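Work through the exercises below with the sequence and the model side by side. Try each task before reading its solution.

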There are 2 protein chains.
Amino acid sequence: MTTDSREPGAESPIAKRLLLGDPLTSEKLDEQLLPKKMALPIFASDALSSVAYAPQELLMILLIGGTAFLAFSPWVATAVVILLIVVVASYRQLIKAYPSGGGDYEVASKNLGEVPGVVVASALLVDYVLTVAVSVSSGVDNIISAVPELNPLRVELAIGFVILIVIVNLRGVREASLVFAIPTYIFIGSVIVMVLVGLTRTALGDAPVASSAQYGVEPESLTQVAVILLVLRAFSSGCSALTGVEAVSNGVPAFRRPKVRNAQTTLTLMGGIAILMFAGLTVLALVANVHYAENPCHLIGFDCENTPQPSLMAQVSAATFGMGSIPFYIVQAATACVLLLAANTAFNGFPLLGSVLARDGYAPKALNTRGDRLVFSNGMIILGIAAIGVLVVYQADLTTLIQLYIIGVFVSFSLGQVGMVRHWRRTLRELHVAPPDDEDGTRTAEERRSARTGLVINSVGAAMTVSVLVIVTVTKFTHGAWLVFIAIPILATLMIGVHRYYRDVEAEIEPDDQTRFGAEGDVAIVLVGKLQKPVIKALDYALAARHEHTLAVHIAVSQAESDLLQKQWAEHDIPVQLVIVESPYRTFASPVAQFIKQWREKHGSSVVTVYLPQYIVGHWWESFLHNRRARRIANQLMLVHGVSITLVPWLLDSSELIYGRRSRPLPGQERAGLPSAQPAHHQRATRPAGPPDVAS
Amino acid sequence: MTTDSREPGAESPIAKRLLLGDPLTSEKLDEQLLPKKMALPIFASDALSSVAYAPQELLMILLIGGTAFLAFSPWVATAVVILLIVVVASYRQLIKAYPSGGGDYEVASKNLGEVPGVVVASALLVDYVLTVAVSVSSGVDNIISAVPELNPLRVELAIGFVILIVIVNLRGVREASLVFAIPTYIFIGSVIVMVLVGLTRTALGDAPVASSAQYGVEPESLTQVAVILLVLRAFSSGCSALTGVEAVSNGVPAFRRPKVRNAQTTLTLMGGIAILMFAGLTVLALVANVHYAENPCHLIGFDCENTPQPSLMAQVSAATFGMGSIPFYIVQAATACVLLLAANTAFNGFPLLGSVLARDGYAPKALNTRGDRLVFSNGMIILGIAAIGVLVVYQADLTTLIQLYIIGVFVSFSLGQVGMVRHWRRTLRELHVAPPDDEDGTRTAEERRSARTGLVINSVGAAMTVSVLVIVTVTKFTHGAWLVFIAIPILATLMIGVHRYYRDVEAEIEPDDQTRFGAEGDVAIVLVGKLQKPVIKALDYALAARHEHTLAVHIAVSQAESDLLQKQWAEHDIPVQLVIVESPYRTFASPVAQFIKQWREKHGSSVVTVYLPQYIVGHWWESFLHNRRARRIANQLMLVHGVSITLVPWLLDSSELIYGRRSRPLPGQERAGLPSAQPAHHQRATRPAGPPDVAS
C-alpha cells in the first residue's frame, strides 16, 4: 500500500514488510490484555471501596434526626441498591454500544453535542481529584479507627499518602499485578465473612453490639419539610456507593476477547458484590446499632474532645470479631488498602481521559502522545497537588468531601444515560429505514429488539440518575457542592477554548492553491565555535548531505578564539571553507542572519540549512549547563525566511547511563489495554540539552 | 582574513565586508558609553546611599555603653574615613591594573588562584542579596520616619519595594537616564546643604537639637574588654559606609575614553562626596545630640511601644530644617529614593557578575549569552526571592541586616587587595628582567615607579582591609554573620563543581586521532502526519537540499488518516515517494528508527536527515498546545546512530505579533558598556513551540 507518485515500487518491499508489521506485536498486545480475574480488582477497587463509607454516611445523616430516624434506613438503603442495579444495567448497555472505552464522555459528546461532552469531561476531571481526596480521607479514617493514637496526624497522614501515590505512579506502576489484586480480594472476602458471621451470631441470639450503641443521641427538632430533606440527604450520601461504577465502561479495550462480554460480566459481578457488601454492612450496622454522628459531640456520653469517632466499618468489625482481634485488624487493613488503591485508580484514569480529550482536540495534543512520561508526570503532579489542596482546605474531613463528591459522578451518569437514550432512538430510526441486510431480516429484527431493550433500560437509568442529580444538588449545594458548580464550567470553557484554537490553526495550515513547490538554491552553514568533536561531526554530516554549497561560519566575539580556530582549521585541513564573521555586539544570530542576507544578495535566493551541534546528556541538571546559545541562535534563525535548522546530536558520556534505564509502565496502560513493553521506551529518559527552545 | 582550505577566495569579498563590520557599530558603541556626569549617579548610588545608615549604626552601637561613649565617636568616625580614603586609593590602583571590569573577582582569581577567586565571587553574590535587603530596609526606615503611620507595614513595604524593583527590571530599565541621576544629585545636594545649614546655625550659637536629645539612656555596665569590643563593633558598623565603593571598578568598560582616567576621577569624586557626607552627618548628629538606641526601649522617656524610632537622617534633618518642613521631606524623599536605587544596582550587578563567572566557566554558560532576556529574568527573580527571604527572616530590621552585610564586602575587599599586592610584586619582578623597551629606558623606569606606588598603596589597603575583616568577623560573628560564613562556602563549592564539569566535557569533546571525516550515504526522511502547509514546506526544503534519496514517511496509527493522506498525496501529486509505516503501539519514533535500520540493511550505512516541521508561535501559552510529538520524536531519533534532525520552521499568524515587540535594555547593560540597541532584539520574544526538548 505504498503510493509511488514517481519512481515506481522502489521502496515497496520495505514498505510492505513494515506494513505487515512486526509479527510479534499482535500476540504481544493480546498477552497484555486483562483476564477477568485481574480486571475485576483493577476496575472494581474504586466502586467497591465506596461501600467503606457509603453506609456510614447514609446512617450518619439520618442520625441527625435522632435514633428514631434510623427506621428510615432500610428504605433509603433499598433505594440506593435499586439505583445501583439500574446504573449497572444501563452501563451494560453503554459498554455494548460504545466498546471503545470513551465512556460517558464519548456517549455525551456523540449524542448530545460538544457542550454536554466537555461538561461530562470536566465533571470526570473534578471527580478524579475528589476520588483521591475522599478515598484517602476514608482510608485514614479507618487507620485511625484501628490506631486512635494517629488521630492528631489525620491531615498529615492523608497528604503523606497522596504524595506516596504520586511518587509510586511517577516511578511507574504495573496495575495488573498481584499487589493490586490481593487487597481487593481480601477486602471483599473479609467484609462478606464479617457480614455472614455477624448475621449468624444474630440468628443465634448473640447479636454483635457496637461500642457506640451505648451512646444516646441529641436529636435536632425538625419540621415536616426538614424531615423529607434529611431523608433525601441520607439517600444522596448513600449514593456515594455508586461512585466508580463507570470505571469498567472506560476500560473495555483492556479486556480479553470477547471484550464486551467480559466487560459486561465483570461489571455485573462488581455490581453484585457491591450490593452484597453495601446491604450487608448497613444491616449489620443497624443490628449492632452503631451510632455514628455527623458531630461526635452530639453523642451523649461520648468523649468527643479526646477520642476520634471510629468508622462504621471499624465499629462493625470490632462488634463482630472483637476490638483488637486479628480479623478486626485484617478488615481494617484491607479496607485502608482498597481505599488507597481506589485513590490510585484516579491517577490511572486521569491521563487516560486526558489522552481521549487530546485526541478530540479539547486538551493539549501533548496529552495524547502516549508514552511521553513527562506529560503523564505533569498530569499526575497536577492531580496530586489539587487533591492535597482539597484535603488541606477540608482538613481531610470525609463527611464534607462526600458532599462535593457525588455531584460530578451524577452529572456524568445523567448526561451519559440521556445520551444513551438518544443513541437508541437514532439506532431504531436507522433500523427502520435500513433494508434487512439478510434475506429473512432476522438480524435487523434482533438488532431492533436489543435496541428497544437498551432504550427502555437507559430511559429508566436516565430518569433515575437525573432525578438523583436534582436531589443531590438540592440537598448538597449549600453544603459545599457549589464549588463543583464553579469548577466544572471553568474547565469546560477552557476545553472549548483549546478546541477553537486547534480548529483555527488547522484552518490556517490547510493547503491551498498558493501552496506550491519550488524553493531553489541550497547552501549549508555549519556554525563553528571551537574546533571540537561535535562540530567536526556536524561538518562531516553537512558534507555527507552534499549540499550545493557548504560553508563553516565562525562568529568572532574574541580575536584570540578566532585566530586559534583558523590555526587549527589549517592544521586539520578541513575540506570546508571557514568564514569569520565579526560580531561587535557579542550577538550570534544576527551576524549569521546578516551573512545569509548578503550571501543571497550575491548568489540569489536559496534555502539555507544551518547545522548546529546538539548535546545529549544524561542528568537533568546537565541541561542547565549546556548550549543555551545553540538554543537562542536556532530560535532567532528560524525566524529568518528560508532558513531551516539541522541539529546534529552529540551524545555525552553521561548520556550512556540512559541505556541502563528499564522501561516503566505508564499510568492507565492496563486500563487502556496498551502493551506495557513500550518499544525504545528507555530512550525517553534522555534530555537533549540544547534544543531551540525558550518556551514551556 | 578568510581561510580558504580549498576553493580559493570564493567567499572572501563577503567575508571581508563582514570582517570590517557594519561601519555604524563603533560609533554606536561610543555613544552608548557613559559620560562622568551619568557614571557618577549610576555607580555611586550604592556607595553614597550607605552614608544614610552608616553614621546611625556607628553611634547606635556606641550608645549601648551610654551617652558618655559618644565621646569615642569622632575617633571611630575618623578611622572609618581614613579606611575609606585608603580603599578608594587602592581601587584607583585596581582600576588602572585591571580595566576590564572584572573587579576584585578578576584580581583575586588571576593573582591568588581559583579558590580565592570563587570565594570573592560568592561573597559578592551574597552581598548583592544583602545590598537589596539593607538598602530597602533603610529606605523603608526613612519613609516611616517621615510618615510614622506606616510603621506597622514595615516588612510589607520592604517586600513591596523589592517586588517593584524586580518588575521594573524585568520590564527592562535604562539606567543611564535622568530618572536615575536626579535623585542621587538631589540626595547629595540636600544632605550637604543640610550639613552646612546645621553647622552654620551651630556657629551662630543656635545649634539644632534632635527630638531624641531629651531622652536619657540606660547604659549597660561594661567590662574593660567589653568596652574595647563595643568600640570595635561601632567601627565595623561604621564601615558599612564603604559598601559599594567597588562598584566603579566593575564598570570601567562603561566609561567614555579615556576609560581608566574617567573611572578613577569618578571614584575619587565619589569617595570625596562620601567622606564629606559621612563626616558631616556624624558631626551634625553629635551636635544635635541624637540619641539613637539599638533597643528604643532603653531610651528613658521614649514611648518605644507605640512610636517607631526615627532614623538618624530624619532626626538630623528635622532638627536642622524643622520637623514637617518642606526641606525635611525633600531630604527624606531623596534618601529613600537613593536607597531604592542602590537596591536596584544589585539587579544590574548580579547578571554582570553572572556573565563574567559564566565566561570563566564557574557558572552555567547560559548566563554569558548576553541578551537572553530569559536568563536575566531568572537571575533577577532568584535575587528578588532571596532578598525577600532575608527581609522576612530578619523582619526588615536594618541593624540585624547590617551585621551580615559588611562581612562579604570585606571578604572581597581583602582578597582583592591581597591580590593587588601580588600583582605589583610580579610586575616589578617582570620589569626587572624586562629590557628597557625604548633607548633611555624611561618607560620601564616610569612603569617601575607606578608599580612601586601601587604596591605601597595596596599593601596598606590589604593590611587595613584584612584587619578590619578580622575585627568585623570577631565583633559580628555571633550577631548573625555566621550565616554568611555558611553561604559563601556553599556557593564557592557549587562554582568549582560547575567548573570541573565543563573541564571534563571539554576534554571529552577534544578532537583526537580517531576524529575522522567520511560519513557516506545521504537520505532525507520527511515525517508526514497530515498533508498541511508546514509539511509541504518541509518537503519543499528537503527537495531543495537535493539529497541522494528523499522519502516521505507516514507513521500510520489510524487507518482512516493514512488512507486520506495517500488520497491527497496522489491528488497533489507530490514528487516524493510516500512510505506508510504501521505503528501498532501508536508510538512514532521507534517505527521510524526501525525503518531507518531496514533502509540501511538494504542500501548500506548512510547519514539520515529527518525533517520535522516546527511551529513558531506568538503567545507563551500556545507552546503548550503544539508539537510535543515532534519534540519526542526528535529526542528519540537523535539517539539513533547517524541521524540528524532538521527543523523546518512554520510561523503561525500569532507569531507575527512578535515583530511588534520593542527592544528593551538589559540589566547591567550600561554598567558593562554594552550597546542598548541590541540588533534583532525583538526576535527574542518568540517561542518555538515544538523543539526537541524535554529538559529544562
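Five exercises follow, each with a worked solution.

This is a predicted model, in which local features need pLDDT of at least 70, side-chain atom pairs count only at pLDDT 80 or more, and totals for chains, interfaces and linings use all residues. Residues are numbered from 1 along each chain as its sequence is written, chains are lettered from A and ligands numbered from 1 in the order in which they are written, and side-chain values use heavy atoms, with hydrogens and water left out.

**Exercise 1. Place Ser122(A) and list what its side chain reaches and what the residue touches.**

Step 1. Ser122(A) sits in helix α7 (residues 114-146) of chain A. Helices (H or I, at least four residues) and strands (E, at least two) are DSSP runs, numbered from the N terminus.

Step 2. Check burial. Ser122(A) has 0% relative accessibility, so it counts as buried. Buried means under 20% relative accessible area, exposed over 50%, partly exposed in between (1.4 Å probe, protein chains only).

Step 3. Its side chain reaches the backbone oxygen of Val118(A) at 2.6 Å.

Step 4. Leaving out residues up to four places away in sequence, Ser122(A) touches Ile488(A), Leu491(A), Ala492(A) and Met495(A). Contact means heavy atoms within 4.5 Å.

**Exercise 2. Repeat the placing and the listing for Thr473(B).**

Step 1. Helix α17 (residues 442-476) of chain B holds Thr473(B).

Step 2. The backbone oxygen of Leu469(B) is reached by the Thr473(B) side chain at 2.5 Å.

Step 3. Not counting residues up to four places away in sequence, Thr473(B) touches Ile407(B) and Phe485(B).

**Exercise 3. How many disulfides does the structure hold over all chains?**

Step 1. Apply the cut-off: a pair of cysteine sulfur atoms within 2.5 Å. The count is two over all chains.

Step 2. In chain A, Cys297(A) is joined to Cys304(A), S to S 2.0 Å. The torsion about this S-S bond is about 100°, so the disulfide is right-handed. Cys297(A) is partly exposed, at 34% relative accessible area.

Step 3. In chain B, Cys297(B) is joined to Cys304(B), S to S 2.0 Å. Here the torsion is about 100°, so this disulfide is right-handed. Cys297(B) is partly exposed at 35%. Cys304(B) counts as buried at 19%.

**Exercise 4. Is the pair of Phe43(B) and Phe255(B) buried, and which parts does it tie together?**Step 1. Over all chains the count comes to 18 aromatic pairs. Rings of Phe, Tyr and Trp (its six-membered ring) pair if their centres lie within 6.5 Å; planes under 30 degrees apart count as stacked, over 60 as edge-to-face and the rest as tilted.

Step 2. One of these pairs is Phe43(B) with Phe255(B), which is stacked: 5.4 Å centre to centre, with 20° between the planes.

Step 3. Phe43(B) lies in helix α3 (residues 36-49) of chain B and Phe255(B) in the loop between α11 (247-250) and α12 (259-287) of chain B, so the pair ties together parts 212 residues apart in sequence. Both Phe43(B) and Phe255(B) are buried.

**Exercise 5. Trace the strand pairings of β4(B) and the units built on them.**

Step 1. Strand β4 (residues 549-556) of chain B is mostly covered, with seven of its eight residues buried.

Step 2. Strand β3 (residues 522-527) of chain B runs parallel to β4(B), joined by five bridges. Two strands pair if DSSP finds at least two bridges between them. Ala524(B) stands opposite Thr550(B) in β4(B).

Step 3. With strand β5 (residues 577-582) of chain B, β4(B) pairs in the parallel sense over six bridges. Here Ala552(B) stands opposite Leu578(B) in β5(B).

Step 4. Add the helices. β3(B), helix α19 (residues 533-544) of chain B and β4(B) make a right-handed β-α-β unit. β4(B), helix α20 (residues 559-571) of chain B and β5(B) make a right-handed β-α-β unit. A crossover is right-handed if, with the strands pointing away from the viewer, the path from the first strand over the helix to the second runs clockwise.

Methods. A polar contact is a pair of N or O atoms within 3.5 Å; within protein, one must be able to donate a hydrogen and the other to accept it, and residues adjacent in sequence count only if both atoms are side-chain atoms.
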